[in-house]
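Work through these exercises with the model in view. Try each task before you read its solution.

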Amino acid sequence: MTTGAAGNGSRTGLRLPLGLWGLSRAVLLLVVFKIVVIPGPDVTFDVSNIYQGWYEVLRTGTYPLDDVTWQYPPAAAFAVLAPGLLPFLGYASAFFLLAFLCDALVFGLLLHTGRRSGRSLRGAWFWLAAVPLLGPTAYARYDVMVTAVAVAGLLAAGRSPRVLGALAGFGAVLKVWPVLLLAGSPKGRATLRSWSAAVGAAAAVLAFCVMWMPGALAFLGFQRDRGTEVESLGSMVFHVVRHFGWDGEARMNYGSIEFLGPHVSTVSTAALVLTIAAFGWLLVWRIRARHFGSSTVADAAFVAVLLFTTTSRVLSPQYMLWLVGLAAVCLAYRSSRMRLPAHLVLWATAVTQFEFPVWFSHVTRSDPLGVAVLFTRNGLLMAATVIACRILWRHTVTEPRLTEGARIPAQATQPDREKALSGTR
């Protein structure tokens, strides 16, 4: 009777999050299917035109060799071709349905994890709220599919480092950033297993793609030539100097709105230097880290992707899905201390929907409204990054050192205590 009552209570407790998830996702589907229209540019354009155009090219047996907007690793072709698995739907409709299913997978994984010992449903609630806050962009880019791979890998890390590594390796050939999931793998055998699995999976998928179709590595040249996107951290310089006579412009370049003009290359180089410095900090942290708890893999992945995102030349709105997914995994662990930076990311996600698509025209013009919304979003992300780095360092480096330091004097005085008790002093 007790077990049955507990089971009924557990099912009852899930009705609210499941109901809210279904309601919020129904609204998202209404928006991407254009039954409900929100202000700003058409967010679904990339799917119905760019993705579908790539789909038609990929079906001919080659990567889009002549399209500079193809800037993704070769496994991205799997995501672009996936709507073909639903031939009874149009391309865009099939894509939105697959995005919806990936969203459901992430939510289901977080719910399942949150009900285990030492875990929390906070992660599931966080994902439930954050995705609709981003708006239709969440379903109109393939990043939700990549995020599903990353979340599955992180949640499997505690039980199987090899699964973490395999999914991180596959994700890296899908969209690069999932390789950062390995930043916090515990030292020793776990790291050896996860990293070797990642290398093996990435090499296998990459080899398959290279043999599958010509042009698998063409994205490297297209990605290298990108400039400073109007939504990035570095762009904030030009949003300001435009009002003081800077002789440049914001226009479409390599598939996104970028700043073009004097000193843009300098800012782009500075962003690259910042990214290198950020990874240098990660390397120092990993060398000096002494404590790897149950949530450290997720916490370190969250910090690494925050650093990668905020220092990038490109900070597209769909990047928020990466951070939201990793933050949700952190919150699924009761031992994680990332609650504050996760909440800052949540607020930044809410602001992002106004930055794009609602007020994107104001952002591209650098008018007061556009500058205010962009600076708010980027400021929240910068604060989240700094705070998350401090928390990770303190929890894994500083506090363990202090604990070890407190033990040493106690051990040194033990012989003196024994002499006093034996009467030899």
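Contact here means heavy atoms within 4.5 Å. Keep in mind that this is a predicted model.

**Exercise 1. Val176 and its contacts**

Find where Val176 lies, and say which residues it is in contact with, leaving aside its neighbours within four places in sequence.

Solution.
- Step 1: place the residue. Val176 sits in the loop between α7 and α8 (189–212).
- Step 2: apply the contact rule. With neighbours within four places in sequence set aside, Val176 is in contact with Pro73 and Gly171.
- Step 3: look at Pro73. Val176 and Pro73 are 103 residues apart along the chain, yet their C-alpha atoms are separated by 7.1 Å.
- Step 4: judge the exposure. Val176 has 41% relative accessibility, so it counts as partly exposed.

**Exercise 2. α4 against α6**

Decide how the axes of helix α4 (residues 91–114) and helix α6 (residues 143–156) are arranged, and describe the residues that meet.

Solution.
- Step 1: take the distance and the angle. The two axes come within 9 Å and cross at roughly 20 degrees.
- Step 2: recall the cut-off. Angles under 35 degrees count as roughly parallel.
- Step 3: conclude. α4 and α6 are therefore roughly parallel to each other.
- Step 4: add the hand. α4 passes α6 in a left-handed crossing.
- Step 5: list the partners. From α4, the residues that meet α6 include Phe95, Leu98, Cys102, Asp103 and Thr113. On the α6 side, Val144, Met145, Ala148, Val151, Ala152 and Leu155 take part.
- Step 6: sort them by class. The contact of α4 with α6 has 14 nonpolar residues, 1 polar and 1 charged.

**Exercise 3. α6 against α7**

Now do the same for α6 and helix α7 (residues 161–175).

Solution.
- Step 1: read the geometry. The axes of α6 and α7 come within 8 Å, and they cross at roughly 160 degrees.
- Step 2: compare with the cut-off. Angles over 145 degrees count as roughly antiparallel.
- Step 3: conclude. α6 is therefore roughly antiparallel to α7.
- Step 4: give the hand. α6 and α7 make a left-handed crossing.
- Step 5: name the residues. Asp143, Val146, Val149, Ala152, Gly153, Leu154 and Ala156 come from α6. Among their partners in α7 are Val163, Leu167, Phe170 and Lys175.
- Step 6: sort by class. This contact of α6 with α7 holds 10 nonpolar, 2 polar and 2 charged residues.

**Exercise 4. Helix lengths and cover**

Check the spans of α6, helix α12 (residues 296–310) and helix α13 (residues 319–331) against 1.5 Å a residue. Then count their buried residues.

Solution.
- Step 1: α6. Its 14 residues should span 20 Å, and its end C-alpha atoms are 20 Å apart, which agrees. In α6, 13 of the 14 residues are buried, so the rest of the structure largely encloses this helix.
- Step 2: α12. Its 15 residues should span 21 Å, and the end C-alpha atoms are 21 Å apart, which agrees. α12 is mostly covered, with 14 of its 15 residues buried.
- Step 3: α13. This helix of 13 residues reaches 19 Å from first C-alpha to last, close to the 18 Å expected. In α13, 13 of its 13 residues are buried.

**Exercise 5. Unusual backbone**

Which peptide bond is cis, and what sign does phi have at His263 and Ser366?

Solution.
- Step 1: start from the background. Most residues other than glycine have a negative phi, and most peptide bonds are trans.
- Step 2: the cis bond. The peptide bond from Phe356 to Pro357 is cis, with omega near 15 degrees.
- Step 3: place Pro357. Pro357 lies in helix α14 (residues 339–358). Pro357 has a relative accessible area of 0%, so it is buried. Beyond four places in sequence, its contacts are Ile38, Pro39, Gly40, Pro41 and Val43.
- Step 4: His263. Phi is positive here, about 70 degrees. His263 is in the loop between β3 (256–260) and α11 (264–288). At 57% relative accessibility, His263 counts as exposed.
- Step 5: Ser366. Phi is positive again, near 60 degrees. Ser366 is in the loop between α15 (360–365) and α16 (368–412). At 0% relative accessibility, Ser366 counts as buried.

Conventions: Residues are numbered from 1 along each chain as its sequence is written. This is a predicted model: local features need pLDDT of at least 70, side-chain atom pairs count only at pLDDT 80 or more; totals for chains, interfaces and linings use all residues. Side-chain values use heavy atoms; hydrogens and water are left out. Helices (H or I, at least four residues) and strands (E, at least two) are DSSP runs, numbered from the N terminus. The expected span of a helix is 1.5 Å times one less than its number of residues. Buried means under 20% relative accessible area, exposed over 50%, partly exposed in between (1.4 Å probe, protein chains only). Axes are lines fitted to C-alpha atoms, for helices over the stretch in contact, and angles run from 0 to 180 degrees between N-to-C directions. Angles under 35 degrees count as roughly parallel, over 145 as roughly antiparallel, 65 to 115 as roughly perpendicular and the rest as oblique. A crossing is left-handed if the near helix is turned anticlockwise from the far one by less than a right angle, and right-handed if clockwise. Ala, Val, Leu, Ile, Met, Phe, Trp, Tyr, Cys and Pro count as nonpolar, Asp, Glu, Lys and Arg as charged, and the others, Gly among them, as polar.
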